[in-house]
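I have a new chain to get to know today. I will keep my notes short and friendly, so that a fellow beginner can follow along.

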Amino acid sequence: MKYLIGKSLFSCKILESYFTNFLLGCLSVFILTLSIKSYGSILAYIFISISAVKFSVFYFFFKPHYKIDHIINTDEFLTVLVPYFTTLVVEIYYLKKILKE
């Protein structure tokens, strides 16, 4: 794979992508932590809704930048996908830990 080879590290809005995912992930964990006691029975629906909001943020704020040339390259795709899934795994791990208590 030639991910970011010969390109600047910052050419694909990678810092913005990671920072946005970090903030949305923290907000997600905060909302879910507050919702555990009050809305425990619908926690999965809240989680899915928050994930949809996170995806929508990337779709509406990052996709226009990547579609300027009408092609989404692998590096642009991975710049969004890697931080999204990294944050998702950390959220699930953290929430699993909280729910076990």
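Below are my entries, going from the whole chain to single residues and a pocket.

**Entry 1: the whole chain**

I reminded myself that I am looking at a predicted model. I looked up the secondary structure and found four helices and zero strands. Reading from the N terminus on, I wrote the order down as α-α-α-α.

Next I checked how much of the chain is hidden. Of the 101 residues in the chain, 35% are buried. I also noted an exposed area of about 7200 Å² for the chain, with 72% of that area coming from carbon and sulfur atoms.

Then I turned to contacts. Looking at those with a separation of 6 or more, I found that 73% join residues 24 or more positions apart.

**Entry 2: Ser35**

I picked Ser35, which sits in helix H1, a helix that covers residues 14-38. Is Ser35 buried or exposed? I found a relative accessible area of 8%, and because buried means under 20%, Ser35 is buried.

What lies 2.7 Å from a polar atom of the Ser35 side chain? I found the backbone oxygen of Ile31 there. I then set aside the neighbours within four places in sequence, and Ser35 was still in contact with Gly40, Leu43 and Ile46.

**Entry 3: Ser28 and Lys54**

I stayed in helix H1 for Ser28. Its relative accessibility is 1%, so I count Ser28 as buried. Beyond its neighbours within four places in sequence, Ser28 is in contact with Ile50 and Glu91.

I moved on to Lys54, which I found in helix H2, made of residues 43-61. Lys54 has a relative accessible area of 2%, so Lys54 is buried.

Which residues does Lys54 touch, leaving aside its neighbours within four places in sequence? I listed Asn21, Leu24, Tyr84, Thr87, Leu88 and Glu91. Glu91 is also on the contact list of Ser28.

I compared positions for this pair too. Lys54 and Ser28 are 26 residues apart along the chain, and their C-alpha atoms are separated by 9.0 Å.

**Entry 4: the second largest pocket**

I looked up the second largest pocket and noted about 170 Å³ of space in it. Which residues line this pocket? I copied out Tyr18, Asn21, Phe22, Gly25, Cys26, Val29, Pro83, Thr86, Thr87, Val90, Glu91 and Tyr94.

I sorted this lining by kind and got seven nonpolar, four polar and one charged. Helix H1 and helix H4 (74-100) each give at least two residues to the lining.

I spotted some familiar names here, with Asn21, Thr87 and Glu91 in the pocket lining and also among the contacts of Lys54.

**Entry 5: His65**

My last stop was His65, in helix H3, which spans residues 63-66. I found 28% relative accessibility for His65, and because partly exposed lies between the cut-offs of 20% and 50%, His65 counts as partly exposed.

How many residues apart along the chain are His65 and Lys13? I noted 52, with 8.8 Å separating their C-alpha atoms.

Definitions and conventions:
Residues are numbered from 1 along each chain as its sequence is written. This is a predicted model: local features need pLDDT of at least 70, side-chain atom pairs count only at pLDDT 80 or more; totals for chains, interfaces and linings use all residues. Side-chain values use heavy atoms; hydrogens and water are left out. Buried means under 20% relative accessible area, exposed over 50%, partly exposed in between (1.4 Å probe, protein chains only). Contact means heavy atoms within 4.5 Å. Accessible areas come from the Shrake-Rupley method with a 1.4 Å probe; for residues, only the protein chains shown count as cover. A polar contact is a pair of N or O atoms within 3.5 Å; within protein, one must be able to donate a hydrogen and the other to accept it, and residues adjacent in sequence count only if both atoms are side-chain atoms. On a 1 Å grid over the protein atoms alone, a cavity is a set of points where a 1.4 Å probe fits but cannot get out, and a pocket is an open set with protein on both sides within 12 Å along at least five of seven lines; lining residues have an atom within 4 Å of a point. Grid points are joined across faces, edges and corners, and a volume is the space filled by probe spheres set on the points. Ala, Val, Leu, Ile, Met, Phe, Trp, Tyr, Cys and Pro count as nonpolar, Asp, Glu, Lys and Arg as charged, and the others, Gly among them, as polar.
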